[in-house]
Amino acid sequence: MTPWVDTILLLALVATSACVVPMYLKLKRLDRTQAEYGRILTQSGRALAQAGDAVRNFSTEGREILEALDQRIGEARQTLAELEASRRDLNATRDRQLG
């Protein structure tokens, strides 16, 4: 009777091992996949942080550009006013000389 029990136990051990080995391999693969997802999430977080920095920098630089542009427009308007005044003075002087 002992050889039958030993044979049954040996078959049960082989069957259990046959089921455990694929499960072990799947768990290893899952662990690698989880580690890869972790790296991808970390990289995504860094990329999003860099994108946020870029948007903030763009906003700051855009504001600076708008302020500089507004200043230049003001200078251009002042120059145009001076040119217009100079033209009127020149026309008035010419009209007095001719008239």
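Val21 sits in helix H1, which covers residues 2-98. Keep in mind as you look around that this is a predicted model. How many helices and strands does the chain have? The count is one helix and zero strands, so H1 is the element to follow, because a helix here is a DSSP run of at least four residues.

**The overall shape**

Let's step back from Val21 and take in the whole chain. Along its principal axes, the C-alpha trace spans about 145 × 15 × 10 Å. The radius of gyration tells a matching story: the chain has 42 Å, whereas a compact globule of 99 residues would have a value near 13 Å.

What share of the residues count as buried? Just 1% of the 99 residues do. A residue needs under 20% relative accessible area to be called buried. The chain exposes about 9,300 Å², and 63% of that comes from carbon and sulfur atoms.

**A nonpolar patch around Val21**

Back to Val21. Together with Val20, Tyr24 and Leu25, Val21 makes a nonpolar surface patch of about 390 Å². Is Val21 buried, partly exposed or exposed? Its relative accessible area is 47%, and because anything from 20% to 50% falls in the middle class, Val21 is partly exposed. That value also explains how Val21 can belong to a patch, because patch residues need over 30% relative accessible area.

**A positive patch**

Now find Lys28, another residue of helix H1. Which residues gather with Lys28 in a patch of positive charge on the surface? They are Lys26, Arg29 and Arg32. Lys28 has a relative accessible area of 43% and is partly exposed. It clears the patch cut-off too, because that cut-off is over 30%.

What about charge over the chain as a whole? There are 14 positive and 13 negative charges, and their mean positions are 7 Å apart.

**Three salt bridges along the helix**

A search of the whole structure turns up three salt bridges. Here they are, with the N to O distance for each pair.

| Pair | N to O distance |
|---|---|
| Asp53 and Arg56 | 2.5 Å |
| Glu75 and Arg72 | 3.6 Å |
| Arg87 and Glu84 | 2.4 Å |

Each distance makes sense as a salt bridge because the cut-off is within 4 Å.

Why can these side chains meet? Take Asp53 and Arg56: they are three residues apart in helix H1, so about one helical turn separates them. Glu75 and Arg72 are also three residues apart in helix H1, and again the separation is about one helical turn. Arg87 and Glu84 both lie in H1 as well, three residues apart, or about one turn of the helix.

How open are these residues to the surroundings? Asp53 counts as partly exposed, at 39% relative accessibility. In the next pair, Glu75 is partly exposed at 34%, while Arg72 is exposed with a relative accessible area of 57%. Arg72 gets that label because exposed means over 50%. In the last pair, Arg87 is partly exposed at 43% relative accessibility, and Glu84 is partly exposed at 32%.

**Putting it together**

So what should you look for in the structure above? Start with the one helix, then find the nonpolar patch that includes Val21 and the positive patch that includes Lys28. Finish with the three salt bridges, one of which joins Asp53 to Arg56.

Terms used: Residues numbered from 1 in each chain as written. Predicted model: local features only at pLDDT ≥ 70, side-chain atom pairs only at ≥ 80, totals over all residues. Heavy atoms only, no water. Patch = residues over 30% accessible without salt bridge, like charges linked within 9 Å, V, L, I, M, F, W, Y side chains within 5 Å. Areas by Shrake-Rupley, 256 points an atom, 1.4 Å probe, with all protein chains shown as cover. Salt bridge = Lys/Arg side-chain N within 4 Å of Asp/Glu carboxyl O. Helix = DSSP H or I, 4+ residues; strand = E, 2+ residues; numbered from the N terminus. Buried < 20%, exposed > 50% of the residue type's maximum accessible area, 1.4 Å probe, protein only. Lys, Arg positive; Asp, Glu negative; His and termini not counted. Charge placed at Lys NZ, Arg CZ, Asp CG, Glu CD. Rg over C-alpha atoms; globule rule 2.2 N^0.38 Å.
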